[in-house]
Amino acid sequence: MSKPITPFDMKDAPSLIERILPVQKLSVDSFREQEARQSKTLTTLGSYWKGRKPLILNKACILGALLPATSDTQKDLKIFELLMGMDDLSLKRRLGLNPEDPLPQTNYRELAKEAARPEDLGESLHEHVWPEVNSHLGTNAKSISELVEQLGILRFGHRPRVADTFCGSGQIPFEASRLGCDVYASDLNPIACMLTWGAFNIVGAPKASQKSLAAEQEALFEEVVKRIDQLGVETDNKGWRGKAYLYCAETTCPQSGWNVPLLPSLLISKGHGVVATLVPVPSKKTYKVEIKYNASEGELSASDNGTVRSEGRDSYLVHSVNGVTYKTKISTLRGDHDRPDGTSANGLRLWESSDFSPRPDDIFRERLYSILWVKKTESGSLEHEFRSVSDDDLAREKKVVEFLSKHFLDWQKQGFIPEMKIEVGMKTDEPIRTRGWTYWHHLFNPRQLLLCGLINQLSSAPLKFGLFQVLNNNCKLSRWNARSGV
């Protein structure tokens, strides 16, 4: 007969994480998860979050804080490894071996390289652990969530509660919830809140909801592509579709009077040997950007030096005309100066709420300098090609701006594109100071606003995209996908 779970029986017991943790094995599995990139659980939301910690590391910390440290250190470690899927039998399952099969004679790091990640196998990975785990801990669990709840009752008198007040992309609350804890999460960053909401309600949704969402996502994608094709702004009428549009800022050099693209690097694709070359056009005092394939090693190396170069804490615009090199501080271009009261200022025009692209007389303008085109071949594979910008491409850019101009205010009123003013703060002052951007929608270029506006407009349509309407109401477009430039 199993022992009853008595509240607070472990109230004063030291936690396992205070005494021991298999750091080497945990490091191996954490590295494996980080290397998985697109197959990581939370990246299915399509998000990149620089500070995201591996879910398996969160799991280890939570279990390590709940499990007691007893006088039998070796047994404690064994129980922890059983629950983490690090024991020999779990490794065999992760490798696809039968229980009676021998493990290859090598170290854990090499075995883990070929093994599935523990989370990929779910609860089935722990089927063999419960008799030994319950015997050691005095529990009667048959799953991780049951064990976590019972450990919480033994320690705190209730199910464990995990609060993360700066939740970021939600990896800590997601894993805590998956383990069976009660979770509280918040963040000042609205994108962080949106990603955490998505982790729970999309990644963590029931399979039926995920299947329905995937079907609606595909239908929404097809409808957006249909609208884009009707506009004719992503195809060249020769079977090619624009996959990536490369933009940069452009400014007028005060010394030479030339319009110069601000490019920290001229490298476009190292793997395919693609670089951008600046060809002077003296009659217009500007540069044409040409795309070169099969660049030599010397050309690839030279492409590291663009027209924007850093020296210490300062950045400079550097370009040459007729053998004369002109070098100007970026801060000088902006007109940085101190006011009599000691505050900083510059000569940038502050963008207005109605702006979504630079004006011709702005210090920093914006320029499309290359497009990555893609086309499906007869075999079904995709062919890729970087190209310089043609007059037809510029005409399509103009069409984007004209369409957006007609819908801009209405889309903002309906919440399809951002309309919030940038709040003053240590980091939020940066786009205002360096670019003159004062509203969050200034961080998007016209193509991005067009695409986001269409997606949100169509996903808000009743009946046709019902689930997306729910998601849209909870996750209104805010402030990601920033423009490129200085």
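A residue counts as buried when its relative accessible area is under 20%. Leu83 has a relative accessible area of 0% and is therefore buried. This residue lies in helix H3. The model described here is predicted.

In overall terms, the protein contains 17 helices and 14 strands. The C-alpha trace spans about 90 × 65 × 50 Å along its principal axes. Of the 486 residues, 43% are buried. Among contacts with a separation of 6 or more, 61% join residues 24 or more positions apart.

Leu83 offers a starting point for the helical part. Neighbours within four places in sequence set aside, Leu83 is in contact with Lys59, Leu63, Leu67, His126, Val129, Trp130, Val133, Ile144 and Leu147. One of these partners, Trp130, is 47 residues away from Leu83 in sequence. The C-alpha atoms of Leu83 and Trp130 are 9.1 Å apart. Leu83 takes part in the contact of H3 with H2. Leu83 also takes part in the contact of H3 with H7.

The packing of H2 and H3 was examined next. Their axes are 11 Å apart, at an angle of about 140°. H2 is therefore oblique to H3. The crossing of this pair is right-handed. From H2, the contact draws on Ile56, Lys59, Ala60, Leu63 and Gly64. From H3, it draws on Phe80, Leu83 and Met84. Sorted by class, the contact of H2 with H3 holds six nonpolar residues, one polar and one charged.

H3 also packs against H7. H3 covers residues 73–84 and H7 covers residues 130–137. Their axes come within 10 Å and cross at roughly 140°. The pair is therefore oblique, since angles over 145 degrees would be needed for roughly antiparallel. The crossing of H3 and H7 is left-handed. H3 supplies Lys75, Asp76, Lys78, Ile79, Leu82 and Leu83 to the contact. H7 supplies Trp130, Glu132, Val133, His136 and Leu137. The classes in the contact of H3 with H7 are six nonpolar, one polar and four charged residues.

H2 has a further partner in H8. H2 runs over residues 55–66, and H8 over residues 144–156. The two helices pack at about 40°, and their axes lie 10 Å apart. H2 and H8 are therefore oblique to each other. On the H2 side, the contact involves Leu63, Ala65 and Leu66. On the H8 side, it involves Val148, Leu151, Arg155 and Phe156. The contact of H2 with H8 comprises six nonpolar residues, no polar residue and one charged residue. Leu63 of H2 thus appears in the contact with H8 and in the contact with H3.

Attention then turned to the strands. S5, S6 and S7 form an open sheet of three strands, in that order, with antiparallel pairing. The edge strands are S5 (267–269) and S7 (286–292), and each of them pairs on one side only. Direction ignored, neighbouring strands of this sheet are turned by 35° against each other on average. S5 and S6 (residues 274–281) run antiparallel and are joined by two bridges. Leu267 stands opposite Val275 in S6.

S8, S9 and S10 supply two hairpins. S8 (residues 308–311) pairs with S9 (residues 314–321) in the antiparallel sense, over four bridges. Val308 has Leu317 of S9 as its bridge partner. Two residues lie between S8 and S9 in their hairpin. In that turn, Gly312 has a positive phi of about 65°. S9 also pairs with S10 (residues 324–329), in the antiparallel sense and over six bridges. His319 stands opposite Tyr326 in S10. The hairpin of S9 and S10 has two residues between the strands. Here Asn322 takes a positive phi near 55°.

A charged residue in another helix was also examined. Glu397 lies in helix H14, which covers residues 391–413. At 16% relative accessibility, Glu397 counts as buried, because the cut-off is under 20%. Residues up to four places away in sequence are not counted among its contacts. With these left out, Glu397 touches Tyr245, Tyr247, Leu368 and Arg447.

Definitions and conventions:
Residues are numbered from 1 along each chain as its sequence is written. This is a predicted model: local features need pLDDT of at least 70, side-chain atom pairs count only at pLDDT 80 or more; totals for chains, interfaces and linings use all residues. Side-chain values use heavy atoms; hydrogens and water are left out. Axes are lines fitted to C-alpha atoms, for helices over the stretch in contact, and angles run from 0 to 180 degrees between N-to-C directions. Angles under 35 degrees count as roughly parallel, over 145 as roughly antiparallel, 65 to 115 as roughly perpendicular and the rest as oblique. Contact means heavy atoms within 4.5 Å. Ala, Val, Leu, Ile, Met, Phe, Trp, Tyr, Cys and Pro count as nonpolar, Asp, Glu, Lys and Arg as charged, and the others, Gly among them, as polar. A crossing is left-handed if the near helix is turned anticlockwise from the far one by less than a right angle, and right-handed if clockwise. Two strands pair if DSSP finds at least two bridges between them. Buried means under 20% relative accessible area, exposed over 50%, partly exposed in between (1.4 Å probe, protein chains only).
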